[in-house]
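Reader: Could you take me through the interior and the ligand site of this model, with the cut-offs behind each term?

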Amino acid sequence: MAKFLVVSASGNPGSNSRRMARVAFELLGKAEPECEWIDLRELDLPVCDADKCYGMPGAQKLSTAIKAADGIIVAAPVYNYDVSASAKNMIELTGSAWEDKVVGFLCAAGGMSSYMSVMSYANSLMLDFRCVIIPRFVYATGSAFEGDAVKDAKIAERIEQVVAELVRFTNALRG
Ligand SMILES: Cc1cc2nc3c(=O)[nH]c(=O)nc-3n(C[C@H](O)[C@H](O)[C@H](O)COP(=O)(O)O)c2cc1C
């Protein structure tokens with residue numbers, strides 16, 4: 001049976017990408033019994049130094065969770081027209097743990113013009129680790145949220161679609 005993982009990559013306690021990740025995790029949990037949650041904010045991760053970082057407990061826990069999963073949702077902030085350094089650091093710390101995963105993205109941004117920001121990150125997962133990328137992203141700005149809730153019905157529907165596609169692709173490849 002396929003295993004799933006949702007990773008929240010934002011360090012912000014009031015993160016919108018984490019709000020979407022929670023919705024995705026709840027939906028995934030209803031559809032799939034094997035589903036794990038990781039919040040990078042809780043792992044006390046080192047910055048990748050290509051040396052001692054790999055042996056640190058947070059990096060090892062992250063690597064184990066990624067290795068164990070078949071399908072992964074990455075929920076990340078958009079910073080400086082790219083996904084956040086925390087999301088990039090996650091790949092640097094865990095490298096080959098990503099091999100052959102199916103990956104979907106939920107991105108939170110401040111404005112609409114950074115909507116292609118996830119592409120170089122997606123390319124690196126495809127080209128370095130042969131990940132299959134779900135060709136439908138969620139890209140949401142602050143107006144989609146009210147408190148902890150996703151109030152924009154289109155964004156809520158997109159999250160459902162990304163989750164459904166992640167399950168469909170993952171089960172087709174690994175199920
Ligand atoms: C350092 C920094 C850089 C940012 N750069 C961008 C950007 O290039 N494009 C954009 O649309 N929003 C940008 N934003 C706004 C964030 O994407 C927005 O606050 C988003 O909600 C962050 O995700 P989070 O709420 O999950 O942490 C930036 C915010 C910060 C703090």
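The questions and answers below take up the core, a helix and the ligand in turn.

Author: This is a predicted model, in which local features need pLDDT of at least 70 and side-chain atom pairs count only at pLDDT 80 or more, whereas totals for chains, interfaces and linings use all residues. Residues are numbered from 1 along each chain as its sequence is written, and side-chain values use heavy atoms, with hydrogens and water left out.

Reader: Which residues touch the most other members of the largest nonpolar core?
Author: A nonpolar core is a set of buried Ala, Val, Leu, Ile, Met, Phe, Trp, Tyr and Cys residues joined through side-chain atoms within 4.5 Å, where buried means under 20% relative accessible area with a 1.4 Å probe and protein chains only. Of the 33 residues in this core, those that touch the most other members are V74, M90, W98, F105, Y121 and L125.

Reader: What span should helix α1 have, and how far apart are its end C-alpha atoms?
Author: Helices are DSSP runs of H or I with at least four residues, numbered from the N terminus, and the expected span is 1.5 Å times one less than the number of residues. For the 16 residues of α1 (residues 16-31) this gives 22 Å, which agrees with the distance between the end C-alpha atoms, 23 Å.

Reader: Which ligand atom lies 2.6 Å from a polar side-chain atom of S15?
Author: A polar contact is here a pair of N or O atoms within 3.5 Å. Backbone atoms also take part, since a backbone N or O atom of N16 lies 2.9 Å from an oxygen atom of the ligand. For the side chain of S15, the partner at 2.6 Å is a ligand oxygen atom.

Key:
Buried means under 20% relative accessible area, exposed over 50%, partly exposed in between (1.4 Å probe, protein chains only). Helices (H or I, at least four residues) and strands (E, at least two) are DSSP runs, numbered from the N terminus. A polar contact is a pair of N or O atoms within 3.5 Å; within protein, one must be able to donate a hydrogen and the other to accept it, and residues adjacent in sequence count only if both atoms are side-chain atoms.
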